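Biologist: Please take a close look at how one pair of helices packs, and at what surrounds the pair. Give the cut-off behind each term as you go.

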Amino acid sequence: MRVALLLACFAALAVPATALAWSPLRAENPNVKNGNTLMAKEQYHDALNAYDKAARELPEERGVQLNRGLALLSQGLTEPAKEAFTAAADPSAPPEVRADAYYDLGIAHAREGDVASEEEDFEQSSAHFREAADGFKRALRAQPGNRSAAWNLEYAMKRIREEEQKQEQQQDQEQQQDQEQQQDQEQQQDQDQQQDQEQQQDQDQQQDQDQQQDQDQDQQQDQQQDQQQDQDQEQQQDQEQQQDQEQQQNENEPGNESEPEPQMQRSEVERFLDALEQNEESLPLQRARRQSAGRRPPEKDW
């Protein structure tokens, strides 16, 4: 209801009624007249050109700036329109021109507030509606009986509360999203840490298995070496035993017995003893001769 009223009020200001604020003693400017006609036909671009010519001809006339602002705002050029309305609200302007200028300035800020709200920039939207409310208040001060300014002031105040509530809800949602994101990050970190721990445990277990396998291999190699040593010892013992058996067999074969050393006769013993008593020097030679007696002579005389 208030939005429709707001647009209706703006449409009412878009007519050339603002030209009536000029002094009736002065002749009507043809460029202003042409601009008002073009505005009525919704030819806003051509109307702005006509008002720009009038502004150059009447630089001190604030009503021309008011009409320029309306032509700019009709084309969606909000920022230059606000500059024109601010110029029209100069203290030197008549009260009714200043009232219309502040009112239209409020309309321009309200439009920007709607755009910001659609973009979900609720902080900026509430700021624009506060500027709109200020414009409507100034319009009421300049023209206390301006009912449209009063109604739109009420609308702007309502929109301020709505946009602030939306801003609070948005902040709560963003805070909740931040908390959820923080929780997700913490949960992800916990999962990563758990995975790292499990991976470390797997690595430790694999190392233990590798060490155990190495130990088993070393033990198996030691056992094999011990077995090989035992086999070598047994083989050596078998070889020694075989050699002893072969040697024993060789000794037991006929013709392989060693000739027993001839024993001395009783008479030879007596003679040996006598020679000892007589210190016979040739005793060793005689003994050697007797020992060699009966043996086979050598094959070669060395």
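**A helix pair and its surroundings**

Modeller: Among contacts in the protein chain between residues at least 6 apart in sequence, 57% join residues at least 24 apart; contact means heavy atoms within 4.5 Å. This is a predicted model, in which local features need pLDDT of at least 70 and side-chain atom pairs count only at pLDDT 80 or more, while totals for chains, interfaces and linings use all residues. Residues are numbered from 1 along each chain as its sequence is written, and side-chain values use heavy atoms, leaving out hydrogens and water.

The protein chain has ten helices and zero strands (DSSP runs numbered from the N terminus, helices being H or I of at least four residues and strands E of at least two). Of its 302 residues, 28% count as buried (under 20% relative accessible area, against over 50% for exposed and partly exposed in between, with a 1.4 Å probe and protein chains only).

The pair to look at is α6, residues 95–118, and α7, residues 122–142. Their axes lie 7 Å apart and meet at an angle of about 165° (axes are lines fitted to C-alpha atoms over the stretch in contact, and angles run from 0 to 180 degrees between N-to-C directions). α6 and α7 are therefore roughly antiparallel, a term for angles over 145 degrees, with under 35 roughly parallel, 65 to 115 roughly perpendicular and the rest oblique. The crossing of α6 past α7 is left-handed, with the near helix turned anticlockwise from the far one by less than a right angle. By class, this contact of α6 with α7 has 13 nonpolar, eight polar and five charged residues (Asp, Glu, Lys and Arg are charged; Ala, Val, Leu, Ile, Met, Phe, Trp, Tyr, Cys and Pro are nonpolar; the others, Gly among them, are polar).

Both helices also feed the largest nonpolar core, which has 35 residues (buried Ala, Val, Leu, Ile, Met, Phe, Trp, Tyr and Cys joined through side-chain atoms within 4.5 Å). α6 gives the largest share, eight residues. F85 and F136 have the most contacts inside this core. Beyond four places in sequence, F85 touches L66, G69, L70, L73, A101, D104 and L105.

On the far side of the sequence, Q167 of helix α8 is buried, at a relative accessible area of 15%. Residues up to four places away aside, Q167 is in contact with F122, E123 and S126. The C-alpha atoms of Q167 and D121 are separated by 8.0 Å, although the two residues are 46 apart along the chain.
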